[in-house]
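Subject: Structure handover

Hello,

Here is the structure you asked to take over. Please look through it first, then read the notes below.

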Amino acid sequence: MQINQESFNEIKRTILKNRFTKMNEMQKKAIFKVNGPVLILAGAGSGKTTVLVNRIANMLNFGDAYHNNYISEYVTNEDNDYLKSIENSNDYDVERFKDAIKVNSINPWNVLAITFTNKAANELKGRLQSLLGDVALNINAGTFHSVCLKILRREITRLGYSSSFTIYDTDDSVRTIKDCLSDLATDDKMFPPKAMLGEISRSKDAMISPSDYLAQNSEDFRKKVIGNIYTLYQKKLKSSNAVDFDDIICLTVKLLVEFPDVLEHYQNLFKYVLVDEYQDTNHVQYKLVTLLSQRSKNICVVGDDDQSIYKFRGATIENILNFEKEFEDATVIRLEQNYRSTQNILDAANGIIKHNTERKGKNLWTANGVGEKITAYRCPDENSEAQFVANKVTESVENGLKFSDNAVLYRMNAQSANIERYFVKSAIPYRIVGGTKFYERKEIKDILSYLHIIDNPYDIIRLKRIINEPKRGIGDTTVKNVEAIADKLSLPMYEIMKSANDYDLISKKSSSLIDFTNMIEELTELNKTLCLAELLENLMEKANYHAYLKAQGKEGEVRLENIEELKSNLIKYSEENENPTLQGFLEEVSLYTDLDNLNDTEDKVTMMTMHSAKGLEFKNVYVVGMEENIFPSFLSAASDVELQEERRLAYVAVTRAKEHLYITNSAQRMLFGRTSRNMPSRFLKEIPDELVDIIDETVKAYGYSPRPEKAKPVYKPEIEGTVGVSRPVEKAVVDFGVNDTVSHKIFGKGKVKSMTKMSNDTLVEVSFDKVGTKKIMANFAKLEKI
DNA sequence: GCTGGACATTTTTTT
DNA sequence: AATGTCCAGC
């Protein structure tokens with residue numbers, strides 16, 4: 001064999017590179033670096049998912065062929081010639097090429113790709129499938145929670161749970177905590193359930209067990225109480241055969257830590273681990289990932305420290321900042337070329353984010369050109385803000401864009417209502433993501449609880465939720481009694497109810513109780529023969545839920561419609577799965593969020609929080625409510641760490657825009673039932689002036705501009721926050737009433753149509769002769785009676 | 001055990 | 001503003 005090894009490898013690499021000709025050099029580097037720890041710092045819009053998908057494709061097809069210089073002794077001169085012949089061609093037989101370079105490709109089932117959200121997981125799976133075909137189905141791709149669930153279903157019996165465990169969502173968990181508090185006779189004012197759950201969650205994240213917690217905090221009275229709550233909470237979960245969201249991850253880690261054979265099994269299975277959105281991982285998740293990749297060291301994490309926005313739920317930015325320390329000789333690859341936005345938008349984003357101190361530092365650039373300026377719009381109230389957005393959306397559609405090219409982003413869901421109203425007025429189709437979620441509606445949670453009880457009658461929380469819903473004469477006292485007996489005998493409540501006649505304490509109520517368990521038994525039988533949708537119909541009748549909703553009038557109608565939608569979800573699930581089971585459906589629902597059905601193709605404007613928008617992109621983006629106290633949120637004002645997180649959120653929001661970015665803020669707005677007046681957000685001021693077109697509709701009316709400290713240093717720069725606080729508003733004299741004629745400095749003469757008393761002000765609706773009807777706050781408008 | 005009304009509380013982001 | 005929680009009275 002007279003093959004020139006060097007030139008053989010050269011040619012091999014050229015051919016491999018040509019397969020990814022659309023990728024830039026950095027992206028190619030990420031694709032070919034298959035073995036060993038790799039950190040990919042991927043800026044917003046830098047083609048992160050494309051890189052992940054192509055990297056996996058390269059792994060499955062060519063393994064480490066690019067970097068491995070080994071040449072098999074079976075490589076022939078003919079092979080060598082074949083390589084030369086296809087060096088500059090894109091049209092060749094891939095199998096022949098693979099055979100010629102004799103690569104060891106990687107099995108799809110040895111690849112584990114973890115994402116953070118279902119949406120990201122679905123996108124990843126979809127793109128892998130379209131690139132690789134059905135081979136992609138064998139890749140282990142999913143969210144942290146879904147991956148861990150698979151492991152738990154197989155192994156959890158080692159921890160004393162049954163493998164048919166159910167999953168408690170946050171609401172179920174809070175209810176459990178409340179039960180713990182009442183069992184322990186603890187005051188829920190001193191120990192608020194949500195805060196308790198937070199503390200427990202943090203402990204689980206740090207892998208502190210209830211007994212560890214008590215041992216570590218034996219001195220502190222308060223923490224001792226919390227430790228007891230934690231202990232009882234965990235006991236209750238276990239006796240309900242339930243796990244909460246945190247357990248899903250931390251029980252998996254526990255399995256890996258305590259059972260070496262389990263660890264070894266999964267280390268051998270998941271030889272190549274990829275983690276998306278690594279900046280959002282918390283400590284247990286980090287632990288999970290490191291445990292799995294400890295042996296192979298083949299771990300590739302992708303993330304952007306500037307887009308870390310989930311610290312509030314335990315994500316630690318340190319995971320990404322410390323990756324290089326954790327994994328020595330890690331290869332760090334920066335993807336800084338942005339393919340999404342204009343230079344103006346990127347400059348704005350860079351201008352904002354550079355005010356943060358804790359960051360790895362990178363600078364996005366693009367070849368897309370400068371683009372249009374950013375529009376900063378300041379207006380007198382939230383109605384003109386909504387009107388502005390509606391107008392601009394309409395305008396964009398008139399100019400040939402689709403409604404779906406527009407997205408409205410806000411800090412909190414409460415802000416959507418007003419925009420919504422104006423969209424309805426302007427006949428703009430829209431879709432709201434998040435907010436009150438479908439699976440959080442009461443009727444849906446109720447029906448799901450019934451289904452859960454059919455699946456697992458020992459689930460205490462779900463049982464208590466529906467035992468008297470609709471009313472069937474089993475009140476709190478009876479439930480308490482059943483519970484007490486169950487506790488004393490260490491038997492499940494459900495079993496006590498079944499034999500209610502045997503216990504004096506509840507024998508009076510035995511008929512109601514046994515009716516209930518009989519109903520569940522019947523439904524459990526039906527579940528064996530009927531399909532899921534039929535089961536639901538039977539449930540609605542037997543539980544009397546249908547009649548219960550029917551009796552609620554109009555509201556009940558809506559709820560029945562929601563149940564119908566649940567039914568179609570059941571049907572959809574049954575069609576999509578080869579072996580549909582009740583348990584399978586319930587599990588799918590547990591991990592489902594509204595974000596997941598976003599990828600539909602309807603032409604509607606998308607409205608959502610900035611958090612939900614991560615990973616998405618739109619031609620036109622409207623970031624509304626860019627005001628101090630709203631964004632950044634007043635809750636984060638005190639802490640620099642939290643302000644930095646808010647700033648990262650601003651960075652995420654701004655970088656969603658491809659072509660035009662609108663940022664709006666309002667001099668005053670109604671929120672949470674009161675009128676507040678806020679300064680423009682500091683983030684707005686961090687955007688370099690020359691990138692921004694300012695439209696200010698408050699100058700005329702109120703005499704100040706959106707950038708007070710630059711334009712008119714009347715208000716001292718150190719005064720941030722609510723203007724109303726630093727500059728007390730004098731109460732206007734309201735000496736007029738409905739139908740009086742009044743005059744306004746700018747709008748001229750008009751007739752008062754209505755007056756609505758607000759918390760500390762009066763909303764006056766005036767029909768002006770020249771400008772039509774306006775709504776005005778009396779304290780601001782200085783209306784004079786004529 | 002149930003109902004309705006007063007009262008309070010909460011309004012960040014999510015698997 | 002909107003929803004949940006508590007409590008008195010039936």
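Which residues are linked in a network of salt bridges? They are D169, D171, D172, R175, K442, K445, D446, D459, R462, R465 and E469. Please keep in mind throughout that this is a predicted model.

Salt bridges

The structure holds 49 salt bridges. As background, side chains of opposite charge can pair when their charged atoms come close.

One pair in the network is R465 with D171, where the closest N and O atoms are 3.4 Å apart. R465 is in helix α21 (residues 460–466) and D171 is in helix α8 (residues 170–183), so this pair ties together parts that lie 294 residues apart in sequence. The two partners can be set side by side: R465 is buried, with a relative accessible area of 11%, whereas D171 is partly exposed, at 33%.

K442 and E469 also belong to the network. Their side chains form a salt bridge with an N to O distance of 3.0 Å. K442 sits in helix α20 (residues 442–455) and E469 in the loop between α21 and α22 (476–489), so the pair ties together parts 27 residues apart in sequence. K442 counts as partly exposed, with 34% relative accessibility, while E469 is buried, with a relative accessible area of 14%.

Another salt bridge joins K48 and E277, with the closest N and O atoms 3.2 Å apart. This pair links distant parts of the chain: K48 is in helix α3 (residues 48–62), and E277 is in the loop between β6 (272–275) and α14, 229 residues apart. Both K48 and E277 are buried.

Helix α14

Helix α14 covers residues 283–293 and is mostly covered, with 9 of its 11 residues buried. Among the buried residues are V284, Y286, L288 and L291. At the N-terminal end of α14, N282 acts as a cap: one of its side-chain oxygens lies 3.3 Å from the backbone nitrogen of V284.

D304

Where is D304 found? It is in the loop between β7 (299–303) and α15 (318–321). D304 is buried, with a relative accessible area of 2%. Its side chain reaches the backbone nitrogen of D306 at 2.9 Å. Leaving aside neighbours within four places in sequence, D304 is in contact with A42, G43, A44, Q279, I320, K362 and Y651.

The DNA

DNA strand C is surrounded by K178, M670 and G673. For K178, a polar side-chain atom lies 3.0 Å from a phosphate oxygen of the strand.

Two residues in helices

R96 is in helix α5 (residues 94–101) and is partly exposed, with a relative accessible area of 31%. Apart from its neighbours within four places in sequence, R96 is in contact with E78, D79 and Y82. R96 and D79 are 17 residues apart in sequence, and their C-alpha atoms are 8.8 Å apart in space.

N391 is in helix α18 (residues 382–398). N391 is partly exposed, with a relative accessible area of 40%. From C-alpha to C-alpha, N391 and N481 are 61 Å apart in space, with their positions 90 residues apart in sequence.

Cysteines

How many disulfides does the count come to? The count is 0. A disulfide is a covalent bond between the sulfur atoms of two cysteines. Take C180 as a case: the closest cysteine sulfur to its own is in C250, 16 Å away, which is too far for a bond. C180 counts as buried, at 0% relative accessibility. C531, another cysteine, counts as partly exposed, at 39%.

Confidence

The mean pLDDT of chain A is 84, and 90% of its residues reach 70 or more. Over residues 702–731, however, pLDDT stays under 50. The model has 58 contacts beyond four places in sequence for residues 702–731. Where pLDDT is low, the predicted coordinates should not be read in detail.

Regards

Key:
Residues numbered from 1 in each chain as written. Chains lettered and ligands numbered in written order. Predicted model: local features only at pLDDT ≥ 70, side-chain atom pairs only at ≥ 80, totals over all residues. Heavy atoms only, no water. Near = heavy atom within 4 Å. Polar contact = N/O pair within 3.5 Å; in protein donor to acceptor, adjacent residues only side chain to side chain. Helix = DSSP H or I, 4+ residues; strand = E, 2+ residues; numbered from the N terminus. Buried < 20%, exposed > 50% of the residue type's maximum accessible area, 1.4 Å probe, protein only. Contact = heavy atoms within 4.5 Å. Disulfide = S-S within 2.5 Å. pLDDT = per-residue confidence, 0-100. Salt bridge = Lys/Arg side-chain N within 4 Å of Asp/Glu carboxyl O.
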